[in-house]
Each structure stands twice: as C-alpha cells, then as structure tokens.
Amino acid sequence: MLEAFFWGAVGASALLVGALVSYLFAPSRRLIAIVMALGSGLLIGSVSFDLVDEALKTSTVGWVGLFILLGAGVFAVGDWIIDRRGGADRKDATGKQEDGSPLAIVFGSVLDGIPESFVLGLTVLQGAVSVSLLAGIALSNFPEGMSSSSGLKAAGWARGRVMVMWSIVISVSAVSSALGFVLLDPASGRTGALAQAFAGGALLAMLADTLLPEAYKVEGVLTGPLVVAGFALSISLAAL
C-alpha cells in the first residue's frame with residue numbers, strides 16, 4: 001500500500017512541476033494543448049489495457065459495460081456540481097478563474113485526480129506500477145498544472161497559494177492510489193472487476209470533460225492525431 005501511495009504522489013507531483021513552470025517561464029497555450037492531447041491518448045490506452053481488459057477476465061461484458069457507464073455518470077455529476085459552484089474554468093489558461101470560487105477550483109482539481117490515481121494503485125497491486133499509466137498521468141497532469149496555474153496567475157493568485165492548492169491535490173491523489181491498491185483487487189472476483197470498470201469509466205469521463213476540450217480549443221483537428229499518437233505510445237510502453 002505504501003508503494004501505491006508513493007506512485008500516486010509521484011504521478012500527481014507533475015501538477016506542481018507544471019505550476020512552477022507556468023510561474024517561471026510562461027509556456028505557450030499550444031505547448032500545453034499538445035501535451036494534454038498526448039497524455040489523454042496515453043490514459044485511454046491505459047484504461048483499455050490495465051482496466052477493461054483485466055475486468056473482462058473475471059466478469060461479463062454486460063456488467064463491465066454497465067459499471068463503465070456508472071463510473072462516467074458519477075464523475076459527470078460531480079463535475080457538474082463543481083462547475084455550478086464556480087470551478088468550471090479551473091483549467092483555463094487565460095485567467096477566467098478570477099470569476100470562480102477558489103474552493104470549487106480546489107475541489108475540481110481533486111475530483112480530476114482521483115480516478116487516475118485510484119487506477120494507478122491497482123497496477124501496483126498487479127505486481128509493478130504501469131509505466132504507460134504513470135506516463136499518461138504525468139503527461140496529463142503536467143499541462144493541467146501549467147494551464148490551470150497560468151490562469152490562476154492571470155487571475156491574481158499568488159504563487160504560494162497555488163503551490164498549497166496543488167500540494168493538497170497531490171496528497172489526495174496519493175491517498176486515492178493507496179485506496180485503489182486496497183479496493184481494486186482482481187482476486188476478489190466480480191467485485192474487483194466491477195470496481196476496475198467503474199474507475200475506468202470515471203477516468204474516461206474526466207478526459208472527455210476536462211482535458212480534451214481544452215486541447216481542442218488550441219489544436220483543433222490536430223487534437224485527434226495527437227491523441228492517437230499518445231495511444232500508440234501507450235501500446236509501446238505496455239509492452240515493456
């Protein structure tokens with residue numbers, strides 16, 4: 001469990017690195033969008049290989065499909081509530097966070113990090129941390145940290161305040177990874193498989209609701225090829 005906690009913190013720490021880069025170097029929106037799209041493709045591959053494929057080994061297609069939908073639905077409801085409370089623009093790089101709620105922005109960032117960290121704990125349980133999933137989490141968190149922090153900087157947030165926010169998110173992500181290690185045991189039969197499917201659905205919904213729209217705003221039709229490139233890279237990393 002401690003190993004899962006450690007890797008959860010490592011994956012989420014890319015948020016803090018991205019925040020520091022945004023305050024020190026002011027990265028372009030295009031660079032942020034490219035890394036977001038590549039990271040999304042990597043995470044889609046990880047859901048396919050590390051979650052859905054494994055869940056289908058111990059449960060039926062119908063049950064796996066149902067719990068993927070449930071996971072996506074639960075995430076969507078949480079995201080909708082946070083958007084209504086003032087966290088809708090938490091990943092915007094232009095400063096729209098100025099009109100939002102600081103608490104909602106923090107909760108929204110925590111919500112975004114839970115599914116991927118939860119799944120990371122499962123891969124540790126299976127014997128070793130998934131390189132493709134860890135890379136995908138880092139490549140999605142890094143531009144998220146840059147984009148959100150660029151917007152928060154434009155909205156007047158002090159660097160120390162932003163660092164504290166991301167430190168909270170990292171702590172929650174590490175705990176979520178440890179919980180994934182405990183709760184997503186495939187040896188528990190159908191229960192473990194359905195938990196895998198639920199987490200996979202939540203992770204896919206997170207990508208579709210938060211990362212891909214921000215990437216598409218900048219890259220347009222090039223977002224698709226970049227996501228596919230990330231997916232192809234996920235296949236290569238999964239073979240290591």
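I began with Leu-179, which I found in helix α6, bearing in mind throughout that the model is a predicted one. I noted Leu-179 as partly exposed, because its relative accessibility is 42%, a value that falls between the 20% and 50% limits. I then looked at what surrounds Leu-179 on the surface, and found that Leu-179 belongs to a nonpolar patch together with Met-1, Phe-5, Val-175, Val-182 and Leu-183. The accessible area of these residues together is about 540 Å². I also asked which element supplies the largest share of the patch, and the answer was helix α6, residues 159-183, with four residues.

**Overall make-up**

I turned next to the whole chain, where I counted eight helices and zero strands, so that I could write the order of elements from the N terminus as α-α-α-α-α-α-α-α. Of the 240 residues in the protein, 50% are buried. For the accessible surface I recorded about 10,200 Å², with 70% of that area belonging to carbon and sulfur atoms. Among the contacts with a separation of 6 or more, I noted that 84% are between residues 24 or more positions apart.

**Helices α1 and α5**

I looked up how α1, residues 2-25, is placed against α5, residues 131-154, and found that their axes come within 7 Å and cross at roughly 35°. I entered the crossing of α1 and α5 as right-handed. On the α1 side the residues that meet α5 include Trp-7, Gly-11, Ala-14, Gly-18 and Tyr-23, while the α5 residues that meet α1 include Leu-134, Ala-138, Phe-142, Gly-145, Ser-149 and Lys-153.

Staying in helix α5, I examined Ala-135, which I listed as partly exposed because its relative accessibility is 24%. Once neighbours within four places in sequence are set aside, Ala-135 is in contact with Leu-42 and Leu-237. I also noted the C-alpha to C-alpha distance from Ala-135 to Gly-39, which is 7.7 Å, although the two residues are 96 apart in sequence.

**Ser-117**

Is Ser-117, in helix α4 (residues 102-125), buried or exposed? I put Ser-117 down as buried, because its relative accessible area is 3%, against a limit of 20%. Leaving out residues up to four places away in sequence, I found that Ser-117 touches Ser-173, Ser-176 and Ser-177.

**Salt bridges**

I searched for paired charges and found two salt bridges in the structure. In one of them, Glu-219 pairs with Arg-30, and the closest N and O atoms are 3.1 Å apart. Glu-219 lies in helix α7, residues 190-219, and Arg-30 in helix α2, residues 29-55, so this pair ties together parts that are 189 residues apart in sequence. I classed Glu-219 as buried because its relative accessibility is 8%.

The other pair that I recorded is Lys-217 with Glu-214, where the closest N and O atoms are 3.2 Å apart. Lys-217 and Glu-214 both lie in helix α7, and their spacing of three residues is about one turn of the helix. I marked Glu-214 as buried too, because its relative accessible area is 14%.

Note on methods: Residues numbered from 1 in each chain as written. Predicted model: local features only at pLDDT ≥ 70, side-chain atom pairs only at ≥ 80, totals over all residues. Heavy atoms only, no water. Patch = residues over 30% accessible without salt bridge, like charges linked within 9 Å, V, L, I, M, F, W, Y side chains within 5 Å. Areas by Shrake-Rupley, 256 points an atom, 1.4 Å probe, with all protein chains shown as cover. Salt bridge = Lys/Arg side-chain N within 4 Å of Asp/Glu carboxyl O. Helix = DSSP H or I, 4+ residues; strand = E, 2+ residues; numbered from the N terminus. Buried < 20%, exposed > 50% of the residue type's maximum accessible area, 1.4 Å probe, protein only. Axes fitted to C-alpha atoms, helices over the stretch in contact; angles between N-to-C directions. Left-handed = near helix turned anticlockwise from the far one by under 90°. Contact = heavy atoms within 4.5 Å.
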